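Reader: Could you take me through one part of this model with care, giving the criteria behind each term as you use it?

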Amino acid sequence: MKPAPFDYARARSVEHALELLGREGARVLAGGQSLIATLNMRLSHPSLLVDINEVAGLDRIARRNGHIEIGALVRHAQAERSAELGQAAPLVARALPHIGHPAIRNRGTVGGSIAFADPAAELPACLLALQGEVDIAGPAGKRTVKADDFFHGLFETALGACGVLTAIRVPAATSATRVGFAELARRHGDYAMVGLAAAARANGKNLTDVRLAFFGVGATPVRARNAEAALAAGDVEAAVNALGHDLDPPDDVQATGAVKKHLAGVLLRRVARQLNEAPQ
Amino acid sequence: MSAHEITLTVNGEEVREAVDARTTLVDFLRETLGLTGSHVGCEHGVCGACSVRLDGVVVRGCLTLAVQCEGHTVETIEGASDSGALADLQEEFRTRNALQCGYCTPAMLLTAAELLAGSGVPSRAAIREHLSGNYCRCTGYHAIVDAVEAVARARAGATS
């Protein structure tokens, strides 16, 4: 189908974008790889698209103060090629090839994936597992929101209607950082039926600070806290069993909740193995 | 819902046109410029038939708005074909019956060319993964993978 009519404006700066977003029904257009699909299917009807693609300075990957910062307009493909990101954010690097297809990753942005907050998307779960944070510019000024507080509900985030996500930040990996990632999708590039992004810290032979963020199992990425505790205690089977309490996935077009719950356990066993491997 | 004046480069030529904000890049190329080699399939980014090059990288023509291309450079299968840069790949597709109806072929060629622009000979798994966003409902993909692999080997042999 073709989109319903809308107005279009090209933002010259973040401030200009915020000014344009003051209009009722205005929405930010970044990579557009989800938004334009929803326009074509007439699932969303913005009155105005505020295109931030030409805003300078939002397309950088930078390491500072023990963190790696990824600008909102960094394309997935650009992030995939970044050696610095691969080293400082290995979980993100593992997740990126699972996003869509090469042509989608050439255009799609890291900031867009976080801001759109599809419950079956990879990057929101990575941000949550890594205890990342999100920089937001809004009418009242700039603020930083932790990943734990960012995802509010189905496609709902702390951004609000008038906010512009300008960057995300995650702690840079150290030699003790362990990460794991796995997802199950019907075809390569499809949204996952179930996925898992995980991070932990190695302490001798044990794991501490285990964070398991499942996606495709609820309205937002979901932490599996009982399973995290079991994994930190070194008991993978107990962690798998704990998912019965941690997750309550609804049925969707891809699978029933019961199937998703079973698959979550399959993924947890795979990811637990990854978490116990030291990085090369 | 005003029209927007845009100036962009398409297949090496400067183009100046008025477009509605809602016109996708692929509809603009086909209907305004008459470049019908880019095809419209699913219109939501899944089938890949609309793929074109924007500033040198392959993107979905249905998930990019024409108005966004102001000041940018677009190359379609017409331009890429005329340049001769795809000639060996096109010949290999023909030889191996890597196309039947041809609907997916222009985008398949551009996407494969992007993979082949990298160094080395990609594995068959890597070829399949790279082409996973381009649907072909005729061939079963096997001959397409054969063709891409053959070109990769030939090019590697030619340069080593």
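Author: What follows begins with chain B, goes on to its first helix, and then turns to chain A.

This is a predicted model, in which local features need pLDDT of at least 70 and side-chain atom pairs count only at pLDDT 80 or more, whereas totals for chains, interfaces and linings use all residues. Residues are numbered from 1 along each chain as its sequence is written, while chains are lettered from A and ligands numbered from 1 in the order in which they are written.

The secondary structure of chain B comes to six helices and five strands, where helices (H or I, at least four residues) and strands (E, at least two) are DSSP runs numbered from the N terminus. Along the sequence these elements follow the pattern β-β-α-β-β-β-α-α-α-α-α. The radius of gyration of chain B is 16 Å, close to the 15 Å that the globule rule gives for 160 residues, so chain B is as compact as a globular protein of that length; the radius is taken over C-alpha atoms, and the rule is 2.2 Å times the number of residues to the power 0.38. The C-alpha trace of chain B spans about 50 × 30 × 20 Å along its principal axes.

Buried residues make up 45% of the 160 residues in chain B, a residue being buried if 20 or more other C-beta atoms, placed from the backbone, lie within 10 Å of its own, exposed if 12 or fewer do, and partly exposed in between. In helix α1 of chain B (residues 25-32), the buried residues are L25(B), V26(B), D27(B), F28(B) and L29(B). These buried residues pack against β2 (13-20) and β3 (52-54) of chain B, with contact meaning that two C-beta atoms, placed from the backbone, lie within 7 Å. After α1(B) comes G34(B), whose phi is positive, near 70°.

By the contact criterion, 26 residues of chain A are in contact with 25 residues of chain B. On the side of chain A that touches chain B, the elements giving two or more residues are β1 (7-10), α2 (35-40), β3 (48-51) and α6 (102-107) of chain A, and α6(A) gives the most, with five residues.

Elsewhere in chain A, strand β6 (residues 133-138) runs antiparallel to β7(A) and is joined to it by six bridges, pairing being assigned if DSSP finds at least two bridges between two strands. The two strands form a hairpin with two residues between them, and I136(A) stands opposite R143(A) in β7(A). Of the six residues of β7(A) (residues 141-146), the number buried is zero, so this strand lies largely in the open.
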